[in-house]
Amino acid sequence: IMENNGLSYKEYTQGRRFLVKILPGESLVGRIADLIQVEKIQAAVVLSAIGSVKNVKLKDIKSGAKLPITPARLVAHDIEGPLELLGISGNIVPAAGEGIDCHLHIMASKASGDVVGGHMFEAEVFATCEIILVELVLDGVERHLSKEGGTPTIFFTGA
């Protein structure tokens, strides 16, 4: 673990790279989770995502919210769509205890051209979805609840 003037980071190397096609009607989050399980991926980053989605469920932090973030300080959005998928960013790391945690954010545009986005909990593929996912070769990282921020975040463990 590197520490420098309050900056905490860890170097990693790239592992396998996956080009993933998700079909209409399928759960975007569910299919990413399926790939993680089938390929036994421990850590990864979503490099790129394009296509179209509908029935998007996301949450955003309310304007003026204070820390820690609590459910009352979030606003949920259910967007029927369809929407043009402009991108997904996020990372996948081991969860505290066991399992894998996917932290994904989405950007998508409405027919008007207005862009919406936030922390994505679910989205259904409309016409197609193409994702590039890169495996991270990395030990000593896991996600658990930050008492300070109120949300799950990455923590570095070990040396």
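The chain holds 1 helix and 10 strands, and from the N terminus these elements follow one another in the order β-β-β-α-β-β-β-β-β-β-β. The model is a predicted one, and every value given below is computed from it. With 159 residues, a compact globule would be expected to have a radius of gyration near 15 Å, and the 17 Å of this chain agrees with that expectation.

**Overall dimensions and packing**

- Taken along the principal axes, the C-alpha atoms of the chain fill a box of roughly 50 × 40 × 25 Å.
- The accessible surface of the chain amounts to about 9500 Å², and carbon and sulfur atoms account for 55% of that area.
- Of the 159 residues, 30% count as buried.
- Among the contacts that join residues at least 6 apart in sequence, 66% are between residues at least 24 apart.

**The largest nonpolar core**

- The largest nonpolar core comprises 29 residues, and the members that touch the most other members are Leu-28, Ile-88, Ile-131 and Leu-133.
- At least two residues of this core come from each of β3 (13–22), α1 (28–38), β4 (44–61), β6 (83–94), β7 (100–109) and β8 (115–137), with β8 giving the largest share, 7 residues.
- Leaving out residues up to four places away in sequence, Leu-28 touches Ile-22, Val-53, Leu-85, Ile-88, Met-120, Glu-122, Ala-123, Cys-129 and Ile-131.
- Two of the residues that Leu-28 touches, Ile-88 and Ile-131, are themselves named among the core members with the most contacts to other members.

**Salt bridges**

- The structure holds 7 salt bridges, of which the pairs and the network below are described individually.
- Glu-26 is bridged to Arg-31, with the closest N and O atoms 3.6 Å apart; Glu-26 counts as partly exposed because its relative accessibility is 22%, and Arg-31, at 37%, likewise counts as partly exposed.
- Lys-57 and Asp-78 meet through their side chains in a salt bridge with an N to O distance of 3.7 Å, and this pair links distant parts of the chain, since Lys-57 is in strand β4 and Asp-78 is in strand β5, 21 residues apart.
- Within that pair, Lys-57 is partly exposed at 41% relative accessibility, whereas Asp-78, with a relative accessible area of 60%, is exposed.
- Arg-143 and Asp-101 form a salt bridge in which the closest N and O atoms are 2.4 Å apart; Arg-143 lies in strand β9 and Asp-101 in strand β7, so this pair ties together parts of the chain that are 42 residues apart in sequence.
- Arg-143 has a relative accessible area of 5% and is therefore buried, while Asp-101 counts as partly exposed at 24% relative accessibility.
- Arg-16, Glu-39 and Glu-135 are joined to one another in a network of salt bridges.

**Surface patch around Tyr-9**

- Met-2, Leu-7 and Tyr-9 make a nonpolar surface patch of about 290 Å².
- Tyr-9 belongs to strand β2, which covers residues 7–9, and its relative accessibility of 35% is why Tyr-9 counts as partly exposed.

**Loop residues**

- Ser-146 is located in the loop between β9 (141–145) and β10 (152–156), and Ser-146 counts as buried because its relative accessibility is 12%, where the cut-off for this class is under 20%.
- Apart from its neighbours within four places in sequence, Ser-146 is in contact with Thr-151, Thr-153 and Phe-155.
- Ala-65 lies in the loop between β4 and β5 (74–79), and at 31% relative accessibility Ala-65 counts as partly exposed.
- The C-alpha atoms of Ala-65 and Leu-23 are separated by 37 Å, and these two residues are 42 residues apart along the chain.

Terms used:
Residues numbered from 1 in each chain as written. Predicted model: local features only at pLDDT ≥ 70, side-chain atom pairs only at ≥ 80, totals over all residues. Heavy atoms only, no water. Patch = residues over 30% accessible without salt bridge, like charges linked within 9 Å, V, L, I, M, F, W, Y side chains within 5 Å. Areas by Shrake-Rupley, 256 points an atom, 1.4 Å probe, with all protein chains shown as cover. Salt bridge = Lys/Arg side-chain N within 4 Å of Asp/Glu carboxyl O. Helix = DSSP H or I, 4+ residues; strand = E, 2+ residues; numbered from the N terminus. Buried < 20%, exposed > 50% of the residue type's maximum accessible area, 1.4 Å probe, protein only. Rg over C-alpha atoms; globule rule 2.2 N^0.38 Å. Contact = heavy atoms within 4.5 Å. Core = buried A, V, L, I, M, F, W, Y, C linked by side-chain atoms within 4.5 Å.
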